[in-house]
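I opened this model to take notes for someone who has not seen it before. The entries follow the order in which I looked things up.

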Amino acid sequence: ADVDGEIPILSFIQNCDVVYRRLRYFRASVGNASVIDKVLEGIINGLFAFGLSIVILSLLNFNPWPLLVSVSTLLVSFAFAIGPTVAKAIEGIILIVGVRPFDIGDRIIISNSPGLSTPGMKDSWFVEGT
């Protein structure tokens with residue numbers, strides 16, 4: 001505020017923009033949290049169903065361990081095959097969600113990228129949600 005107690009219009013607009021960005025960030029955070037909750041619910045339901053099926057097979061006098069050992073060898077080999085790809089995807093997610101290199105409303109400009117020089121493709125995007 002100046003000496004007369006008035007706020008310059010530029011300061012007012014900048015503060016309105018800050019409040020708007022915080023509100024958009026909050027809405028995006030709530031949306032992301034609900035998506036993460038649904039994914040975690042699916043994982044926990046799957047683990048519960050797996051444990052329950054092991055218990056039921058044990059109650060029916062069926063030994064599930066030979067089946068689990070054979071399936072686990074396939075899962076371990078599959079994990080080694082896709083491990084680096086999954087690690088890069090998780091690194092990207094952590095970069096975007098944790099570090100937040102950009103904010104809602106920022107313009108991202110891509111330049112000198114091979115493969116993006118196709119006609120009709122834009123060189124910049126606006127961030128609408130994170």
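Confidence. I am working from a predicted model, and I checked its pLDDT before anything else. The chain averages 78, and 75% of the residues score at least 70. I then looked up the extremes by element. Confidence is highest in helix α1, at a mean of 87, and lowest in strand β2 (residues 124–126), at a mean of 52.

Layout. I noted 2 helices and 2 strands in the chain. Along the sequence they come in the pattern α-α-β-β. I also looked up burial: of the 130 residues, 5% count as buried.

Helix α1, surface patch. Helix α1 covers residues 9–59, and valine 35 sits in it. I found Val35 in a nonpolar surface patch together with Ile36, Val39, Leu40, Ile43 and Leu47. Their accessible area together is about 570 Å².

Helix α1, salt bridge. How many salt bridges does a search of the whole structure find? I got 1. It joins the side chains of arginine 21 and aspartate 17, at 3.4 Å from N to O. Both residues lie in helix α1, 4 residues apart, which is about one turn of the helix. I wanted to know whether the pair is buried or exposed. Arginine 21 has 25% relative accessibility, so I wrote it down as partly exposed. Aspartate 17 has a relative accessible area of 36%, so this residue is partly exposed as well.

The loop after α1. Proline 64 lies in the loop between α1 and α2. Is proline 64 buried or exposed? Its relative accessibility is 2%, and because buried means under 20%, proline 64 counts as buried. I also looked up its distance to serine 53: the two are 11 residues apart in sequence, and their C-alpha atoms are 9.4 Å apart in space.

Helix α2. I compared the span of this helix (residues 65–99) with that of a straight one. A straight helix of 35 residues would span 51 Å at 1.5 Å a residue, but α2 spans only 43 Å between its end C-alpha atoms. I then asked where α2 bends. The bend is at isoleucine 82 and is about 55°. A proline, proline 84, follows within four residues of that position.

Reminder to self. When I go back to strand β2, I should keep its mean confidence of 52 in mind.

Key. Residues are numbered from 1 along each chain as its sequence is written. This is a predicted model: local features need pLDDT of at least 70, side-chain atom pairs count only at pLDDT 80 or more; totals for chains, interfaces and linings use all residues. Side-chain values use heavy atoms; hydrogens and water are left out. Patches are made of residues with over 30% relative accessible area and no salt bridge: like charges are joined within 9 Å, nonpolar side chains (Val, Leu, Ile, Met, Phe, Trp, Tyr) within 5 Å. Accessible areas come from the Shrake-Rupley method with a 1.4 Å probe; for residues, only the protein chains shown count as cover. A salt bridge is a side-chain nitrogen of Lys or Arg within 4 Å of a carboxyl oxygen of Asp or Glu. pLDDT is the predictor's confidence in each residue, from 0 to 100. The expected span of a helix is 1.5 Å times one less than its number of residues. The bend at a residue is the angle between axes fitted to the seven residues ending there and the seven starting there. Buried means under 20% relative accessible area, exposed over 50%, partly exposed in between (1.4 Å probe, protein chains only).
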